[in-house]
Amino acid sequence: MRAIYPKIDDKLKGINTLRKYINKYKGVEVQITKYDKTNGYFEFEEQIRTLLVVFPNLKEVIIHTPIPFCDLEMYIAKDKEEIFNIIERIKALTLELGIKIDLLFHISWKFEIEKMITVPVLMEMINSIKGFNIEILLENIHFTEDFLCPLKICKLIGSNQLKTCLDICHVHCYTNMMDLDIKETLDKELNKKDASKYVYSIHFSKALNNDGYKDKNTHGRMHDTKKSLIEDVELLYEYGMYDSIFVPEIAEEDYENRKDQIEEINNLEDIYLLMK
Ligand SMILES: [Zn+2]
């Protein structure tokens with residue numbers, strides 16, 4: 001892993017307890033929670049400006065779009081123009097602050113459908129951010145049959161400003177639901193070359209009790225044993241994802257204390273050699 005970026009919310013809860021890690025890795029992922037339900041508009045400028053004041057060394061912010069507008073398909077169905085408004089605002093902000101800003105969306109449908117509906121919009125998005133310090137990240141969700149669809153889209157478009165955020169908890173959920181062996185499934189679907197090239201970040205957490213998101217309390221949890229944490233990291237490393245940024249996406253019902261997230265980061269640091 002190249003770095004560990006803590007996850008905070010758009011009220012910047014938890015930055016005090018996570019200060020040490022944000023200073024060390026110079027990056028953070030911000031979950032947007034407040035948004036306009038009619039078109040998905042949300043604010044981020046003031047929050048990112050404040051982050052830069054608190055962390056003057058900050059180099060990168062990943063913006064996790066608001067649920068359910070984190071599904072790129074939602075914006076396309078509701079108001080495609082809103083995506084381009086957000087992109088224009090991000091372009092202005094990177095120029096103002098001199099940091100990298102990534103915009104993360106979930107991808108929910110099968111590749112064949114995304115190719116017709118989402119890919120043309122993504123190509124427009126990529127065109128409009130050319131030359132800017134911005135990347136678009138596409139994340140796999142837990143119930144889609146085509147869980148590697150984000151990676152297939154990245155490969156199809158082939159831009160270094162379009163990458164995948166692989167949510168390992170969601171991969172577990174999917175294989176648990178389908179009663180599949182995770183290793184066999186990944187072997188069938190994923191090759192090392194593509195994974196190392198297109199997976200930019202990892203949403204790292206565990207689905208407890210081999211759950212498939214039947215229970216919210218088992219989803220996105222801290223690894224309950226060091227053994228299971230090691231197994232997940234080794235699985236990712238096996239497919240060449242050792243240079244990805246790890247984002248412990250854990251216990252999102254409590255952005256204030258981040259106790260579990262801190263423990264997961266400490267365990268990752270204990271076990272793995274990190275960036276210099
Ligand atoms: Zn995730």
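**Group meeting: a helix pair and the sheet beside it**

Let me start with two helices. Helix α4, residues 111-129, packs with helix α5, residues 149-157, at an angle of about 55°, and their axes are 10 Å apart. Bear in mind that this is a predicted model. Angles from 65 to 115 degrees would count as roughly perpendicular and those under 35 as roughly parallel; α4 and α5 are therefore oblique to each other. The crossing of the two is right-handed.

Which residues of α4 and α5 meet? From α4 they are F111, E114, V119, L122, M123 and I126. From α5 they are C149, K152, I153, L156 and I157. Sorted by class, this contact has 9 nonpolar residues, 2 charged ones and no polar ones.

Now stay with α5. Its residues C149, P150, L151, K152, I153 and C154 are buried. What do the buried residues of α5 pack against? The list is β5, α4, β6, β7 and α8, the last being residues 192-198. So K152 of α5 is both buried and part of the contact with α4. Just after α5 comes G158, which has a positive phi of about 65°.

That brings us to the sheet. It is an open sheet of 9 strands, with parallel pairing, in the order β1-β9-β8-β7-β6-β5-β4-β3-β2. Why do β1 and β2 each have one side without a neighbour in the sheet? Because β1, residues 3-4, and β2, residues 7-9, stand at the edges, and each has a single partner strand.

Take β8 next, residues 199-204. How many of the residues of β8 are buried? The count is 6 of 6, so to speak of it as mostly covered is fair. On one hand, β8 is joined to β7, residues 162-167, by 4 bridges, and the two run parallel. There, C165 has S201 in β8 as its bridge partner. On the other hand, 4 bridges join β8 to β9, residues 245-248, again in parallel. In that pairing, I202 is partnered by F246 in β9.

Further along the sheet, β4, residues 60-64, pairs with β5, residues 100-107, in the parallel sense over 5 bridges. Here I62 stands opposite D102 in β5.

One more helix before I stop. Helix α6, residues 168-177, lies across β6, β7 and β8. Relative to β7, α6 runs at about 60°.

To recap, α4 and α5 cross in the right-handed sense, the buried residues of α5 pack against strands β5, β6 and β7 among others, and those strands belong to the open sheet of 9.

Notes
Residues are numbered from 1 along each chain as its sequence is written. This is a predicted model: local features need pLDDT of at least 70, side-chain atom pairs count only at pLDDT 80 or more; totals for chains, interfaces and linings use all residues. Axes are lines fitted to C-alpha atoms, for helices over the stretch in contact, and angles run from 0 to 180 degrees between N-to-C directions. Angles under 35 degrees count as roughly parallel, over 145 as roughly antiparallel, 65 to 115 as roughly perpendicular and the rest as oblique. A crossing is left-handed if the near helix is turned anticlockwise from the far one by less than a right angle, and right-handed if clockwise. Two residues are in contact if their C-beta atoms, placed from the backbone, lie within 7 Å. Ala, Val, Leu, Ile, Met, Phe, Trp, Tyr, Cys and Pro count as nonpolar, Asp, Glu, Lys and Arg as charged, and the others, Gly among them, as polar. A residue is buried if 20 or more other C-beta atoms lie within 10 Å of its own, exposed if 12 or fewer, and partly exposed in between; C-beta atoms are placed from the backbone. Two strands pair if DSSP finds at least two bridges between them.
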